[in-house]
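Reader: Hi! Could you walk me through this structure while I have it open?
Author: Happy to, let's put it on screen.

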Amino acid sequence: MGGHVLLTVFTLCMLCSGVRAQLSFDIYAKSCPNLVQIVRRQVIIALKAEIRMAASLIRLHFHDCFVNGCDASVLLDGADSEKLAIPNINSVRGFEVIDTIKDAVENACPGVVSCADILTLAARDSVFLSGGPQWRVALGRKDGLVANQNSANNLPSPFEPLDAIIAKFVAVNLNITDVVALSGAHTFGQAKCAVFSNRLFNFTGAGTPDATLETSLLSNLQTVCPLGGNSNTTAPLDRNSTDTFDNNYFKNLLEGKGLLSSDQILFSSDLAVNTTKRLVEAYSRSQNLFFRDFTCSMIRMGNIANGASGEVRKNCRVINN
């Protein structure tokens, strides 16, 4: 993406978000001048090892920011670890990649850059390296001192109705545009049968599948996730371009090919008519519009503050002694 486009997107995001007061684009200019290059190099290595990791890293950032703000609390080990919350356990991944990036950053600039900033940069790089937009990340987040497993158990869920999902976004100062744009991150990555098999056989309790699921995709998924099968088997969230960041996800929704119930309801539910459906249609027509709004939503999500004091962890998994 050329400098002009980057500037345009950046200017637009200043209009649509406002950067948090304590964050800045050049906070590490003197203390860790090569930070952005170090993180990107490590993300490139990680994606070469496993292309799916791009989607995993952005999900890790999402699950971090929605709990206590973007404070790397999701990375902490321990009894109250958010890793053990129901939406995260045996599901959220990429922790070792963040450890590796942190080691590389510590090697260059010990004790300077927070794990929260590293995760935010890694999420941005995952999008860009998969064909998505590029944007500047304001930095200066601190790492939280506590995890919040209880709050992590209340993350937006693939089983919830649209009004409940919207309410959880509003609770962290995000809006309906953010709901749709950030859901577009399901343009790459995989999901386990456990989170969508409820749609395949007995959706409403009447013994029939979800009527909004397109029939050829339904029969394919019934084969991938048979009744009594392995709930850890995965299917692509966007089968048209499994590992590419594009607007195909929204085109899929228009055809009834959203994988998760929480994807398809953005277009097919009654509540969508006056809330999210128009945006799904707009993004399906214009990848540029989707990229623009997604960029703004990522910046807004990356600005969610926890309000508590923090530190720069030496090891992302534990607070400093």
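**Pockets and two asparagines**

Author: This is a predicted model. In the lining of the largest pocket, the residues divide into 26 nonpolar, 12 polar and seven charged.

Reader: Nice. How much space lies in the largest pocket?

Author: About 1,100 Å³.

Reader: And which residues lie nearest its centre?

Author: Arg 59, His 63, Pro 158, His 186 and Leu 260 lie nearest the centre of the largest pocket, out of 45 residues that line it.

Reader: Which element gives the most to that lining?

Author: That's α3, with six residues. At least two residues each come from α3, α7, α8, β1 (190–192), α11 (261–268) and α13 (287–302).

Reader: OK, on to the second largest pocket. What volume does it have?

Author: The second largest pocket has a volume of about 310 Å³. It is lined by 20 residues, and Phe 25, Val 36, Arg 136, Val 137 and Leu 139 are the closest to its centre.

Reader: Which elements give two or more residues there?

Author: α2 (35–49) and α5 (115–129) do. The largest share of that lining comes from α2, with four residues.

Reader: How does the lining of the second largest pocket split by class?

Author: There are 13 nonpolar, three polar and four charged residues in the lining of the second largest pocket.

Reader: Changing topic: I'm looking at the backbone now. What is the phi of Asn 68?

Author: Asn 68 has a positive phi of about 65°, although it is not a glycine.

Reader: Why would anyone remark on that?

Author: Because most residues other than glycine have a negative phi.

Reader: Makes sense. Where does Asn 68 lie?

Author: You'll find Asn 68 in the loop between α3 (53–65) and α4 (95–108). And α3 is the helix that gives the most to the lining of the largest pocket.

Reader: Is there a second asparagine to look at, and where is Asn 173 placed?

Author: Asn 173 also has a positive phi, about 65°, without being a glycine. Its place is in the loop between α7 (162–170) and α8 (176–183). Both α7 and α8 are among the elements that supply at least two residues each to the lining of the largest pocket.

Reader: Last one: is Asn 173 buried or exposed?

Author: Asn 173 has a relative accessible area of 72%, so it counts as exposed, the cut-off being over 50%. Asn 68, with a relative accessible area of 23%, is partly exposed.

Reader: Great, thanks for the tour!

Terms used:
Residues numbered from 1 in each chain as written. Predicted model: local features only at pLDDT ≥ 70, side-chain atom pairs only at ≥ 80, totals over all residues. Heavy atoms only, no water. Buried < 20%, exposed > 50% of the residue type's maximum accessible area, 1.4 Å probe, protein only. 1 Å grid on protein atoms, 1.4 Å probe; cavity = no way out; pocket = protein on both sides within 12 Å on 5 of 7 lines; lining within 4 Å. Points joined across faces, edges and corners; volume = space filled by probe spheres on them. Nonpolar A, V, L, I, M, F, W, Y, C, P; charged D, E, K, R; others polar.
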